[in-house]
Amino acid sequence: MRLLMNPRNQLRLFSLALILTAGLVGAAEKNPQFVQVTIRTILAENKTDDFDPKLKGMERQLKPLKYRSYRLLKAEDQNVPSQGTRSFEIPGGRSLTVAPQEFQDNRIALKVRLTEREKPVIDTTVKIPNKGNFILGGPPHDGGVLVLSISATAQ
Amino acid sequence: MRDCESIRESIGRWLDGELDTAESESIRAHLASCEECRKAQQQLESIDQILKTTLLAEAQQIEFLPFWRGVQVRIAQKTPWHEQALEGLRATFTLSRAAWLVPAGIAVVLAILSLDSYIPGLREGRNSFASVESIDAYGRNVALLRENESKTTVIWLYEDQEEENATADEPAKSAPAF
Amino acid sequence: MELSDWDLVQKCQSGDMASFQELVSRYHQKVYMVVLGLLHNRDDALEVAQETFFRAYRKIRSFEGGSSFYTWIYRIAVNLAIDQQRRQKRNPLEFRETMDGVLEAQEETARDPFADVHDRELRENLARAINELTPEHKAVIMLRTIEGLSYKEIGEILGCSEGTVMSRLHYARKKLQDKLSAFL
């Protein structure tokens with residue numbers, strides 16, 4: 001304890017603690033162990049004029065697509081390990097596979113594949129801001145089209 | 001009653017104040033009545049006195065400033081130049097300043113570097129859009145769109161029109177009307 | 001309000017030279033006295049005393065206040081003086097001013113000639129008697145006589161037990177008494 005009463009040692013300890021914290025925070029930012037991926041599967045159609053209250057917060061993103069109604073079919077979260085893959089079931093015999101690639105400048109690179117009846121429909125690599133999202137839409141379903149909101153957060 | 005031999009063995013410690021009360025009292029009582037032991041006490045006191053006064057007189061002749069200059073010369077001659085530079089820095093950035101300056105500096109740098117983690121939307125401009133690095137639609141038509149107001153990137157997959165007509169009663173538009 | 005030794009040490013550790021200067025001013029004469037008592041040569045004592053403070057300056061950052069500052073500084077001084085004595089014994093130098101001269105140069109108040117001669121003889125023999133002691137015995141005598149340090153403090157400085165301090169003091173005093181009894 002006498003060592004800690006020395007102001008010099010207090011300074012050393014405090015600075016070391018700060019540097020260690022910075023290192024941990026920095027390390028966490030640079031190399032996230034997991035990426036939490038959220039897929040919101042939305043049905044966009046023109047049969048009705050409804051905006052699902054569960055999609056609150058997404059109006060600005062969805063309204064420009066100019067469909068009359070938007071309904072949340074399902075929302076699913078998965079923690080995907082960096083350099084790993086996870087698949088999400090999408091209505092219509094479809095599957096969305098997500099693979100986080102790298103994390104740099106607070107942006108996450110995601111490799112995404114949409115398959116339909118096990119055949120690839122689209123492969124894309126998108127860099128999104130951490131905690132941000134992008135939209136993948138167009139596959140027809142139930143008289144409307146599927147709009148997939150794909151968001152990712154580094155863990 | 002202690003004999004003189006034993007008393008003389010203890011006189012030094014008695015003079016030094018290192019005996020307990022009982023022992024001190026017994027020495028004092030003996031000295032009051034024993035001339036030989038008193039003589040031994042006086043001899044020790046004389047030796048102490050001469051040494052002390054002599055050396056004190058010598059020491060008082062040592063003036064501080066010349067002595068201090070001698071120490072400074074040694075410091076200047078025997079301290080490597082890089083240590084002297086470090087000493088200069090230490091004198092400028094004293095502990096009382098550095099104690100808060102260093103961690104405050106580290107905290108400021110950390111705050112600047114991680115600001116965008118805590119203030120969403122701080123990074124404006126194209127960085128807030130998702131950017132499509134590669135795309136393979138396996139022969140299908142695909143459109144890339146950016147909606148500026150919501151800063152949203154849209155990848156729109158166009159299905160084959162005939163296929164769409166066959167499956168839908170009231171087909172929705174196959175493409176968004178941007 | 002005067003700063004304590006420990007306050008000054010802490011300021012020194014931050015690079016405050018003025019605080020170190022204050023510590024030197026507090027202890028330079030005391031250190032010189034002890035070292036002169038051990039070396040009985042003014043030039044050597046001055047050199048060792050200055051070297052003591054130089055070493056203290058270099059080591060000040062490692063001083064954590066486990067002992068008092070003066071215990072620490074005396075430890076450095078006594079060790080340097082003992083090393084110097086051992087070097088002198090191995091490589092005897094030509095005779096320079098000895099304790100005889102130191103004692104003789106002391107200012108004396110006027111006294112009757114008979115007493116004057118008696119004192120001079122006493123001083124010469126005292127110097128010789130002290131010189132015949134080992135460095136360790138000289139050290140305990142000087143620290144006790146000049147500084148009035150306790151046996152515990154002397155033990156801390158010399159790195160020995162109180163019992164060892166006590167027996168060394170007893171031996172040294174006995175030797176001095178034996179050699180000087182005719183003059184005392």
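This report walks through a strand pairing in chain A, the contact of chains B and C, and one buried lysine, Lys138(C).

The model is predicted: local features need pLDDT of at least 70, side-chain atom pairs count only at pLDDT 80 or more, and totals for chains, interfaces and linings use all residues. Residues are numbered from 1 along each chain as its sequence is written, while chains are lettered from A and ligands numbered from 1 in the order in which they are written.

**Strands of chain A**

Let us start with β1(A), which covers residues 34-45. Strands here are DSSP E runs of at least two residues, helices are H or I runs of at least four, and both are numbered from the N terminus. Two strands pair if DSSP finds at least two bridges between them. The pairings of β1(A) are set out below.

| Partner of β1(A) | Sense | Bridges | Residue opposite Ile39(A) |
|---|---|---|---|
| β2(A), residues 69-81 | antiparallel | twelve | Glu76(A) |
| β8(A), residues 144-154 | antiparallel | ten | Ile150(A) |

**Where chain C meets chain B**

The contact (C-beta atoms, placed from the backbone, within 7 Å) takes 37 residues from chain C and 34 residues from chain B. On the chain C side, the elements giving two or more residues include α2 (17-39), α3 (42-59) and α7. The most come from α2(C), with ten residues. By type, the chain C side has 18 nonpolar, 13 polar and six charged residues. Here Ala, Val, Leu, Ile, Met, Phe, Trp, Tyr, Cys and Pro count as nonpolar, Asp, Glu, Lys and Arg as charged, and the others, Gly among them, as polar.

One helix pair deserves a look: α4(B), residues 64-78, packs against α2(C) at an angle of about 125°, with the axes 10 Å apart. Axes are lines fitted to C-alpha atoms over the stretch in contact, and angles run from 0 to 180 degrees between N-to-C directions. That angle makes α4(B) oblique to α2(C), a term for angles outside the ranges under 35, 65 to 115 and over 145 degrees. Phe64(B), Phe67(B), Trp68(B) and Val71(B) meet Gln21(C), Val24(C), Ser25(C) and His28(C). These residues divide into five nonpolar, three polar and no charged.

**Lys138(C)**

Lys138(C) sits in α7(C), residues 135-147. Lys138(C) is buried because 24 other C-beta atoms lie within 10 Å, where the cut-off for buried is 20 or more. Leaving aside residues up to four places away in sequence, Lys138(C) touches Gly37(C), Leu38(C), Ile130(C) and Leu133(C). Gly37(C) is 101 residues from Lys138(C) in sequence, yet their C-alpha atoms are 7.6 Å apart.

Technical notes: A residue is buried if 20 or more other C-beta atoms lie within 10 Å of its own, exposed if 12 or fewer, and partly exposed in between; C-beta atoms are placed from the backbone. Two residues are in contact if their C-beta atoms, placed from the backbone, lie within 7 Å.
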